Amino acid sequence: MTLDELTKRFSDTTENQRKAIFSTLFIAGNKLQTLFDNHIPEVSLKQFMLLSIVRQSKEPLTLTQLGSMLGCSRQNIKKLAEVLSKKGFITITQSPDDVRAMCICPTQKAEDFFQNDFAIYQEQLQVLFSVYTDKEIETLFTLMARLYAGIENLGKR
């Protein structure tokens, strides 16, 4: 069975479409992780996402804050951070606000990575989204924000 056949099979009712969307999110996440991990060897996609958030933050974020943002546990963030620290992309320091918390800060190597090697990721994103018009990108962006709201609702149950 192909993905197209599976999509057609689940397109008849709203309930089936919900199931198909949920499955598609899971499958798409796995496929994207595999593709990015195979094409960009210096950092994994998960490491890249952590590094991106750390770099975009105006202040150092704790492992717990980063876990919340990335939708995973503090322990998972700590494992990713330890690898990135060994590679020289980040430093792990004590939080200035809470002596029990650890914060992650980008290094110059991280900045160099985004200035030089990030072009590979940009090219991959261009290819990924080349099937959409600008209007469709805007719509997808809005729908993804609403999906996050739905995930938050699910997390409150």
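**Figure 1. Salt bridge between Asp98 and Arg100.** Asp98 counts as partly exposed, at 27% relative accessibility, and in this predicted model its side chain meets that of Arg100 in a salt bridge with an N to O distance of 3.1 Å. Arg100, by contrast, is exposed, its relative accessible area being 69%, a value that falls in this class because exposed residues are those over 50%. The pair is one of 5 salt bridges that the structure holds. Side chains of opposite charge can pair when their charged atoms come close.

**Figure 2. Salt bridge between Lys109 and Glu42.** The side chains of Lys109 and Glu42 meet at 4.0 Å, taken from N to O. Lys109 belongs to helix α6, which spans residues 108–129, while Glu42 sits in the loop between α2 (14–39) and α3 (45–56), so that this salt bridge ties together parts lying 67 residues apart in sequence. Lys109 is partly exposed, with a relative accessibility of 35%, and Glu42 is likewise partly exposed, with a relative accessible area of 31%.

**Figure 3. Salt bridge between Glu111 and Arg55.** A further salt bridge brings the side chain of Glu111 to that of Arg55, with 3.0 Å from N to O. Because Glu111 lies in helix α6 and Arg55 in helix α3, the pair ties together parts that are 56 residues apart in sequence. Glu111 has a relative accessible area of 28% and is partly exposed; Arg55, at 26%, is also partly exposed.

**Figure 4. The open sheet of 3 strands and the helix that packs on it.** The strands are arranged in the order β1-β3-β2, with antiparallel pairing. Since β1 and β2 stand at the edges and have a single partner strand each, one side of each is left without a neighbour in the sheet. Helix α5 packs on this sheet, where it touches β2 and β3, and the direction of α5 makes about 125 degrees with that of β2.

**Figure 5. Strand pairing around Ile104.** Strand β1 (residues 61–62) pairs with strand β3 (residues 102–106) in the antiparallel sense over 2 bridges, and within this pairing Leu61 stands opposite Ile104. Strand β2, covering residues 90–94, also runs antiparallel to β3, to which it is joined by 5 bridges; here the residue of β2 that stands opposite Ile104 is Ile92. In a regular strand the side chains alternate between the two faces of the sheet.

**Figure 6. The largest nonpolar core, viewed around Leu50.** This core has 24 residues, of which Leu50 and Ile104 touch the most other members. Helices α3, α4 (63–70), α5 (74–86) and α6 each supply at least two residues of the core, and the largest share, 6 residues, comes from α3. When neighbours within four places in sequence are left aside, Leu50 is in contact with Leu66, Leu70, Ile77, Leu80, Ala81, Leu84 and Ile104. Ile104, itself a contact of Leu50, is also the β3 residue that stands opposite Leu61 and Ile92 in the sheet of the preceding views.

Terms used:
Residues are numbered from 1 along each chain as its sequence is written. This is a predicted model: local features need pLDDT of at least 70, side-chain atom pairs count only at pLDDT 80 or more; totals for chains, interfaces and linings use all residues. Side-chain values use heavy atoms; hydrogens and water are left out. Two strands pair if DSSP finds at least two bridges between them. Helices (H or I, at least four residues) and strands (E, at least two) are DSSP runs, numbered from the N terminus. Buried means under 20% relative accessible area, exposed over 50%, partly exposed in between (1.4 Å probe, protein chains only). A nonpolar core is a set of buried Ala, Val, Leu, Ile, Met, Phe, Trp, Tyr and Cys residues joined through side-chain atoms within 4.5 Å. Contact means heavy atoms within 4.5 Å. Axes are lines fitted to C-alpha atoms, for helices over the stretch in contact, and angles run from 0 to 180 degrees between N-to-C directions.
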